[in-house]
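Biologist: I am new to this protein and would like a close look at one part of it. Please choose a helix, tell me how it sits, and then lead me out into its surroundings.

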Amino acid sequence: MGQRSQIYVKYNGKMIVANYYQWNYGTRMISRARYGIEYIIDVIKNKWFFKFESNEDIEWWSNYFDINFDCYYVVKHHNIFEDIIRYTSKSCKWNGPISSKCFDKVNLKLLVNQDLFRQDNNDGALFVDINTNAPEGKKVKYCFTNYDFRRPMSPIDYLNWDVKGWDDKTSDETEFTNDNIKFLDKVPLMTQKEFEDFMNDVDFDLNLVIPSKIIFREFS
């Protein structure tokens, strides 16, 4: 139960992060968006050692979005790809390793495109699109949505929808939330078409999106 939301990240056209959360909402979502996007931009700009190319890389990024750097706590995500496989498989044990015997690859792609954006949700979602081939200043775009996933929202639009009184000047969270908004306002917001493209025909690599501790290396 609790506040249910999702965070999705694409890297050069492929979905790499699909996190399901409880107790991630409002100002907490804004905080995760700010620090996650800021670090992605820094990594790309400075060509740091953190990359987006291996299972371990992607698992690291998925976990990075779990951290709330403003409130100093962590909310552990569920991997939506893993959950789809486990819920739909008849031969994959819930806590056991995932192998190609658990599913049919063609049907899995259909299931992912059907179910990835149909998770329980009452506090919206964050979408981050990374394109390293885009011009400088446009390599990372993002948006929020409410629970119907129909139109991109800015940080202010999202907060006004999700949290009544988020800008209460007596709240301890108002100052850092305003700082986070100022940063996010400098990052390009997805257009309606870019958001729809993000949602349509999801491509992914199972070697990247399933946590290494539960995968059998047999998908490539």
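**A helix and its surroundings**

Modeller: Let's start with helix H3, residues 80–88, which is mostly covered, since 7 of its 9 residues are buried. Buried here means under 20% relative accessible area, exposed means over 50%, and partly exposed is in between (1.4 Å probe, protein chains only). Helices (H or I, at least four residues) and strands (E, at least two) are DSSP runs, numbered from the N terminus. Please keep in mind that this is a predicted model, where local features need pLDDT of at least 70 and side-chain atom pairs count only at pLDDT 80 or more, while totals for chains, interfaces and linings use all residues. Residues are numbered from 1 along each chain as its sequence is written, and side-chain values use heavy atoms, with hydrogens and water left out.

Which residues of H3 are buried? They are Ile80, Phe81, Glu82, Asp83, Ile84, Ile85 and Arg86, so charged side chains are listed beside nonpolar ones. At the start of H3, Asn79 brings a side-chain oxygen to within 2.9 Å of the backbone nitrogen of Phe81.

From H3 we can step across to Leu116. Leaving aside neighbours within four places in sequence, Leu116 is in contact (heavy atoms within 4.5 Å) with Ile80, Phe81 and Ile84, and also with Tyr8, Met15, Ala18, Leu111 and Val202. Leu116 takes us into the largest nonpolar core, a set of buried Ala, Val, Leu, Ile, Met, Phe, Trp, Tyr and Cys residues joined through side-chain atoms within 4.5 Å. Of the 60 residues in this core, Tyr8, Phe52, Leu116, Phe117, Phe127 and Phe144 touch the most other members. Helix H1 (residues 26–46) gives the largest share of the core, 8 residues.

Two other helices are worth a visit. In H2 (residues 55–64), the buried residues are Asn55, Asp57, Ile58, Trp61, Ser62 and Tyr64, and they pack against strand S2, H1, strand S3 (67–68) and helix H8 (206–209). In H7 (residues 192–199), the buried residues are Phe195, Phe198 and Met199. Seen down the axis of H7, these residues fall within an arc of 95 degrees, so they line one face of the helix; the arc is that of the directions from the helix axis to the C-beta atoms. Their cover includes strand S1 (4–11), S2 (14–22), S6 and S7. After H7 comes Asp201, whose phi is positive, near 50 degrees.

Between S6 (125–130) and S7 (140–145), the loop holds Lys139. Is Lys139 buried or exposed? Lys139 is buried, with a relative accessible area of 15%. Its side chain reaches the backbone oxygen of Thr132 at 2.8 Å, and one of its polar atoms lies 2.7 Å from the backbone oxygen of Ala134. Not counting residues up to four places away in sequence, those that Lys139 touches include Ile44, Asp129 and Ile130.

Two more loops deserve a glance. Asn12, in the loop between S1 and S2, has a positive phi near 50 degrees without being a glycine, and is partly exposed at 35% relative accessible area. Trp23, in the loop between S2 and H1, has a positive phi of about 65 degrees although not a glycine, and is partly exposed at 49%.

Stepping back, the protein has 8 helices and 7 strands, and buried residues make up 52% of its 220 residues. Among contacts between residues at least 6 apart in sequence, 68% join residues at least 24 apart.

Methods
A polar contact is a pair of N or O atoms within 3.5 Å; within protein, one must be able to donate a hydrogen and the other to accept it, and residues adjacent in sequence count only if both atoms are side-chain atoms.
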